[in-house]
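Hi,

Here is the structure I promised to send over. Have a look at it first, and my notes follow underneath.

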Amino acid sequence: MSTLHHYEQAARAPMLHGPGRRSSPLTWRWRDRLALAMAWSAGILLCLIAGAIVAYFFVRGVQYLRPSMLFSRPQTGQTQAGTGGFLDPILGTALLTLIGVLIATPLAVAAAIWIAEYGRPSWLARVVETTIEIVAGTPDILIALFGLTVFQLRLLAPFSFIAEKGAVYGRSFIAAGIVMSLIAIPAIYTASRDGLQAIPAHMREAAYALGKTRAATIRRVLLPSVRSNIATGVTLGISRIIGDTAIIIFVLGVTLRNEAQNSVPIIGALRGTGSTLTSYIYENSPAGEGGAPQKAYAAAFVLLVFVMLLNLLVGRIGRSQADTTGLTVAGAVV
Amino acid sequence: MLERLRHPWSDRRAELTLGAVSLTVGVIVVAMVVFVAIQAWPTFQHNGLSWLGSGKPFKEQAEAMQNAGPNPPASAYYLRAWPLIWGTLITTIPAVLLGLVIAVSSSIFIVELAPARLRRIVIPVIRLLASVPSVVYGLIGILVLVPFVGNDLISPAEKESLANSVQLTGAGLGVAIVILTVMITPIMVALTCEALTAVPNSWREGAVALGVNPVRAVLAVTVRAARPAIVAAAVLATARALGEAVMISMVSGGTDWAPRISDGTTALFEPFRSLASTIVDFHDGIGAPALKSSLYAFALLMLVSGFVLSVCGYLIKLPLRKYQVRA
């Protein structure tokens, strides 16, 4: 009996060293403990920041957003209540997204296919890859300035209109949409290329063995299987487009309402100027005209909801193709 | 014509078409550099290297340029851009250093320490932080942080000390650095996580087997092996930070003032202008040729420094290939 008691005590005694025992942080050197504490607190800090941003805008959104704002047009007014809603900015955002995605998707997907499946001559492929990387790293403000110069060329006058002094105005929905496609291209390209490169070689070999040509393999085998990657890329491209302000300020010619250039139904609107949610927020904050911070909060809430929905969508579509952490490729933070 | 398109494409045709489209994208990018450089040329031509020097407040210079009219004489191109370059540097460098510490710590957390359930929360959070539009960050800055700093953090004595030269409202360096850090950290986290996961697990396990505690093993083996990639991530984030225009323009105070480090902590409350924010601040004046050329020159400077930084990032990562770690 006494010996058994003795053994039990021995087993319960803390075993600081030896195999099969997890070391407790309390026994570590202080440097390691500090590192552990920093890692945890950094991770939690980022969560808290994101949580605070979302919670703050949620509160402000509930406080200031009225359903009527989503359906009424902006107007000039003396008080914040008198400045109307932001129907035009929402439509502007939608129109620009549509134009941008319609232009960017074919270009980016074609480039991705060419790089992944052909890529000859290899120096040219490298040049194309590098240039797309350059666009990805270029500040949007520079792309905006570039867009403005291009659309102020005499040759491209039909895209906007000729101002009084004979200079081309260079700002319109179609111009801004084309410039926007440039910032969506890298996301769509990267997602599609990575998808294509992840397809195992035996899929292609099987298609060739059945007598399919390379072009037919791309069309019938490869493209269908990277559909979800392309969708991820497009979603990311959309979130780039709806979040951009610099291009709107320079190439859309921020006006209170969306002004059609002439009465021709669609073309007139495309050649006209307008605003988007981002430029609406900018103009209503103290940095712009400064008139209506409440409207800026309400619009920012709407924008944030869109962004979060797109994020959710990326997570949904990208679940199957996420890399280990899901941050770089399908998450495409970069 | 349409009939021909509907037939299955031959390989040759598909290759040529796709190649041509890809090349178009490349050509557009080259055109971008060329166009911006052409627009920027006059200001460099008229100022030479003293363009980089220090001089009058930018607002005065810009007004002189606007007053010069549509056909400005050579003297109207006078520009000394150092205060703006200084403003860019003192926001970018602290933000990147601060962001680097947070990013490396939280990457270790995500890759090595976090329980799976927590990781499922942190990763979407990083993604969300990366995708919040810069104008929303700017709005938080100008409506929440700036009044807070202006009313609660700046002491009356500090306001008094600079009362003759500049008014301290709260908008300025400190707020800009904090928000910029939040904006660029996700980029660094993503790249660092990728690098940390690329390091073979057996390396770290080897260290643990030798009796090292898990955190030390991560620091001494995984982080050390991924060091080049972490530096490259910081470099890429620097390039992003340099180009942040809208947010900085909203919270920087829009006053011509170059924060002086000699002011100590008060410098954190002083307003400033950066290259990118100046472009946004003066977007109305882009009709005046001299000012337009100056703004394009700022953009070109950002493009060139961003380009140099990406090349550096690429070169820094090269040693990793030696170990067959692909990151």
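**How the two chains meet**

The interface brings 83 residues of chain B into contact with 74 residues of chain A. On the chain B side, the top contributor is helix H2 (residues 11-47), which gives 18 residues. That side of chain B is made up of 59 nonpolar, 19 polar and five charged residues. Bear in mind throughout that this is a predicted model.

**The chains one by one**

Chain A has 14 helices and zero strands, and its pattern along the sequence is simply α-α-α-α-α-α-α-α-α-α-α-α-α-α. Of its 334 residues, 46% are buried. If you take the contacts in chain A between residues at least 6 apart in sequence, 68% of them join residues at least 24 apart.

Chain B also comes out with 14 helices and zero strands. Buried residues account for 54% of the 327 in chain B. For contacts in chain B with a separation of 6 or more, 82% come from residues 24 or more positions apart. Along the principal axes, the C-alpha atoms of chain B fill a box of roughly 70 × 70 × 35 Å.

**The core**

The largest nonpolar core holds 200 residues, and the ones touching the most other members are Ala111(A), Ala144(A), Leu145(A), Ile188(A), Ala300(A) and Ala299(B). Helix H8 (residues 173-198) of chain B gives the most to this core, with 17 residues.

One residue to click on in that helix is Val175(B), which sits in H8 of chain B. Val175(B) counts as buried because it has 28 C-beta neighbours inside 10 Å, where 20 are enough. Beyond its neighbours within four places in sequence, its contacts are Gly141(B), Leu145(B), Val146(B), Val149(B) and Val251(B). With Val146(B), the C-alpha separation is 6.8 Å, although the two are 29 residues apart along the chain.

**Helix packing around H10 of chain A**

Which way do H7(A) and H10(A) run relative to each other? The axes of helix H7 (residues 173-198) of chain A and H10(A) come within 8 Å and cross at roughly 155°. That angle is over 145°, so H7(A) and H10(A) are roughly antiparallel to each other. Their crossing is right-handed. On the H7(A) side, the contact residues include Met180(A), Ile183(A), Ala184(A), Ala187(A) and Ile188(A), and on the H10(A) side they include Asn229(A), Ile230(A), Gly233(A), Arg240(A) and Ile241(A). By class, this contact has 10 nonpolar, seven polar and two charged residues.

Helix H4 (residues 87-118) of chain A also packs against H10 (residues 227-242) of chain A, with an angle of about 140° and axes 10 Å apart. An angle of about 140° does not exceed the 145° limit for roughly antiparallel, so H4(A) and H10(A) count as oblique to each other. H4(A) passes H10(A) in a right-handed crossing. Among the residues making the contact are Leu96(A), Gly100(A), Ala104(A) and Ala108(A) from H4(A), with Gly233(A), Val234(A), Gly237(A) and Ile241(A) from H10(A). This contact has 10 nonpolar, six polar and no charged residues.

Ile188(A) ties these helices together nicely on screen. Leaving out neighbours within four places in sequence, Ile188(A) is in contact with Ala104(A), Thr105(A), Ala108(A) and Val109(A), and also with Ile230(A), Gly233(A), Val234(A) and Gly237(A). Ile188(A) is also one of the core residues that touch the most other members.

**Two loop residues in chain A**

Where does Pro121(A) sit? Pro121(A) is in the loop between H4 and helix H5 (122-137) of chain A. The peptide bond joining Arg120(A) to Pro121(A) is cis, with omega at about -10°.

Then there is Arg171(A), in the loop between helix H6 (140-151) and H7 of chain A. Is Arg171(A) buried or exposed? Arg171(A) counts as buried, because it has 27 C-beta neighbours inside 10 Å. Setting aside neighbours within four places in sequence, it contacts Ser160(A), Val251(A), Leu252(A), Gly253(A) and Thr273(A). Its C-alpha atom is 17 Å from that of Ile183(A), which lies 12 residues away along the chain.

Cheers

Notes: Residues are numbered from 1 along each chain as its sequence is written. Chains are lettered from A and ligands numbered from 1 in the order in which they are written. This is a predicted model: local features need pLDDT of at least 70, side-chain atom pairs count only at pLDDT 80 or more; totals for chains, interfaces and linings use all residues. Axes are lines fitted to C-alpha atoms, for helices over the stretch in contact, and angles run from 0 to 180 degrees between N-to-C directions. Helices (H or I, at least four residues) and strands (E, at least two) are DSSP runs, numbered from the N terminus. Angles under 35 degrees count as roughly parallel, over 145 as roughly antiparallel, 65 to 115 as roughly perpendicular and the rest as oblique. A crossing is left-handed if the near helix is turned anticlockwise from the far one by less than a right angle, and right-handed if clockwise. Two residues are in contact if their C-beta atoms, placed from the backbone, lie within 7 Å. Ala, Val, Leu, Ile, Met, Phe, Trp, Tyr, Cys and Pro count as nonpolar, Asp, Glu, Lys and Arg as charged, and the others, Gly among them, as polar. A nonpolar core is a set of buried Ala, Val, Leu, Ile, Met, Phe, Trp, Tyr and Cys residues joined through C-beta atoms within 7 Å. A residue is buried if 20 or more other C-beta atoms lie within 10 Å of its own, exposed if 12 or fewer, and partly exposed in between; C-beta atoms are placed from the backbone.
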